[in-house]
Amino acid sequence: MGQIALAAKITHVPSMYLSEMPGKNEGCRQAAIDGHKEISRRCRELGVDTIIVFDTHWLVNSGFHVNCNDRFEGIYTSNELPHFIKDMSYDYEGNPELGRLIAQKACEKGVRAMSHEIDSLEMEYGTLVPMRYMNDDKAFKVISISAFCTSHEFEDSKRIGEAVVEAVKEYDGKVAVLASGSLSHRFIWDRIAVDGMNSYTREFDRQVDIRVVQMWEAGMWPEFCEMLPQYSEYCFGEGYMHDTAMLLGVVGWDQYKGKVEVITDLFASSGTGQINAIFPLDK
């Protein structure tokens with residue numbers, strides 16, 4: 001029987017890649033990069049062989065989708081922010097067996113889920129940026145699950161998380177699950193984008209994010225699950241925060257008893273709120 005060994009909510013801000021480049025922004029996201037490397041270190045210590053990413057940059061308008069190609073290789077430039085991410089190479093092994101099983105388990109729960117092994121179905125940067133810092137030596141297989149869900153219910157995203165749990169139980173290995181997306185996500189107004197690289201767009205969002213992190217650290221999961229739809233709406237949650245709903249489905253939703261461990265403190269990036277935080281799991 002397999003095991004989910006680690007679960008986390010992580011950032012994927014493209015300024016992490018920009019942070020590597022010489023110039024005025026060099027080093028600006030080192031704390032976030034270090035957080036990814038720490039999560040990677042823990043995955044290695046735990047014997048993880050596959051990382052599943054709930055990717056809020058994979059936009060889907062119908063159904064839930066699992067990209068489970070046996071290999072992901074290419075050079076990526078962001079259509080959204082080509083001045084941040086351009087010509088970023090990647091090469092990772094996939095896990096078709098587990099990806100197909102996740103989709104099957106979700107379908108058994110009444111969710112319209114589909115697995116795909118299509119060479120031209122590329123990964124989005126919600127997966128590629130974290131893998132750059134966690135998986136540069138190809139230590140882990142990778143599965144990407146769509147989490148920018150425009151016409152979907154949180155209840156179904158919760159079931160996707162539950163399906164991951166059921167699938168892993170039938171898998172012979174150890175898995176990490178990452179919800180890749182921001183907290184608040186009101187992107188900075190373009191006219192002040194350069195000056196707002198490290199700022200929130202709205203003080204309201206900053207204050208709500210601070211409170212949410214406090215709730216996570218205190219284990220206030222019934223309260224957070226109740227407020228999640230409003231939080232997503234009022235603070236412009238990235239991908240409507242379906243990645244977070246999926247992650248909560250993995251750990252137990254409002255019955256989860258853990259208290260998060262913050263690996264990278266809450267920080268602002270181009271108007272949005274970002275964090276790296278581990279959700280402890282019962283062994």
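These are my notebook entries on a predicted model of a single chain.

**Entry 1. Overall form**

I began with the whole chain and its secondary structure. I found eight helices and ten strands. Next I checked the radius of gyration against the rule for a compact globule. For 283 residues the rule gives a value near 19 Å, and the chain has 17 Å, so the two agree. I also took the box around the C-alpha atoms along the principal axes, and noted roughly 50 × 40 × 35 Å.

I then looked up how contacts are spread along the sequence. Among contacts with a separation of 6 or more, 80% join residues 24 or more positions apart.

**Entry 2. Surface and charge**

What share of the 283 residues counts as buried? I read 56% for the chain. The exposed area is about 12200 Å², and 47% of that area comes from carbon and sulfur atoms.

For charge, I noted 28 positive and 43 negative charges in the chain. Their mean positions lie 3 Å apart.

**Entry 3. Cysteines**

I searched the whole structure for disulfides and recorded zero. I then took C225 as a case. C225 is in no disulfide, and the nearest cysteine sulfur, that of C235, is 16 Å away. A disulfide needs two cysteine sulfur atoms within 2.5 Å, so a pair 16 Å apart does not qualify.

Is C225 buried or exposed? Its relative accessible area is 9%, and because buried means under 20%, C225 counts as buried. I looked up C43 as well. C43 has 1% relative accessibility and is also buried.

**Entry 4. Helix 4**

I went through helix 4, residues 125-134, residue by residue. The helix is mostly covered, with nine of its ten residues buried. Among the buried residues I listed Y125, G126, T127, L128 and V129. P130, M131, Y133 and M134 are buried too.

**Entry 5. Three buried helix residues**

I picked S157 to start. S157 sits in helix 5, residues 154-169. Its relative accessible area is 0%, so S157 is buried. Which residues does S157 touch, leaving out those up to four places away in sequence? I noted F64, H242, A245 and M246.

I moved on to I102, in helix 3, residues 96-108. At 1% relative accessibility, I102 counts as buried. Leaving out neighbours within four places in sequence, I recorded contacts of I102 with I52, V66, I143 and I145. I102 also has contacts with A163, V164 and A167. As a distance check I used F54, which is 48 residues from I102 along the chain; the two C-alpha atoms are separated by 12 Å.

The third pick was A32, in helix 2, residues 30-46. A32 is buried at 2% relative accessibility. With sequence neighbours within four places left aside, A32 is in contact with T11, M16, T264, F267 and N276. I compared its position with that of Y90, 58 residues away in sequence, and read 19 Å between the C-alpha atoms.

**Entry 6. Positive phi outside glycine**

I looked up two residues with a positive phi. D87 is not a glycine, yet its phi is about 55°. D87 lies in the loop between strand 4 (71-76) and strand 5 (88-93). At 57% relative accessibility, which is over the 50% cut-off, D87 counts as exposed.

W253 also has a positive phi, near 55°, and is likewise a residue other than glycine. I placed W253 in the loop between helix 8 (242-251) and strand 9 (261-269). Is W253 buried or exposed? Its relative accessible area is 15%, so W253 is buried, whereas D87 is exposed.

**Entry 7. R206**

My last lookup was R206, in helix 6, residues 203-218. R206 has 33% relative accessibility, a value between the 20% and 50% cut-offs, and therefore counts as partly exposed. I also took the C-alpha distance from R206 to M227, 21 residues apart along the chain, and got 16 Å.

Key: Residues numbered from 1 in each chain as written. Predicted model: local features only at pLDDT ≥ 70, side-chain atom pairs only at ≥ 80, totals over all residues. Heavy atoms only, no water. Helix = DSSP H or I, 4+ residues; strand = E, 2+ residues; numbered from the N terminus. Rg over C-alpha atoms; globule rule 2.2 N^0.38 Å. Buried < 20%, exposed > 50% of the residue type's maximum accessible area, 1.4 Å probe, protein only. Contact = heavy atoms within 4.5 Å. Areas by Shrake-Rupley, 256 points an atom, 1.4 Å probe, with all protein chains shown as cover. Lys, Arg positive; Asp, Glu negative; His and termini not counted. Charge placed at Lys NZ, Arg CZ, Asp CG, Glu CD.
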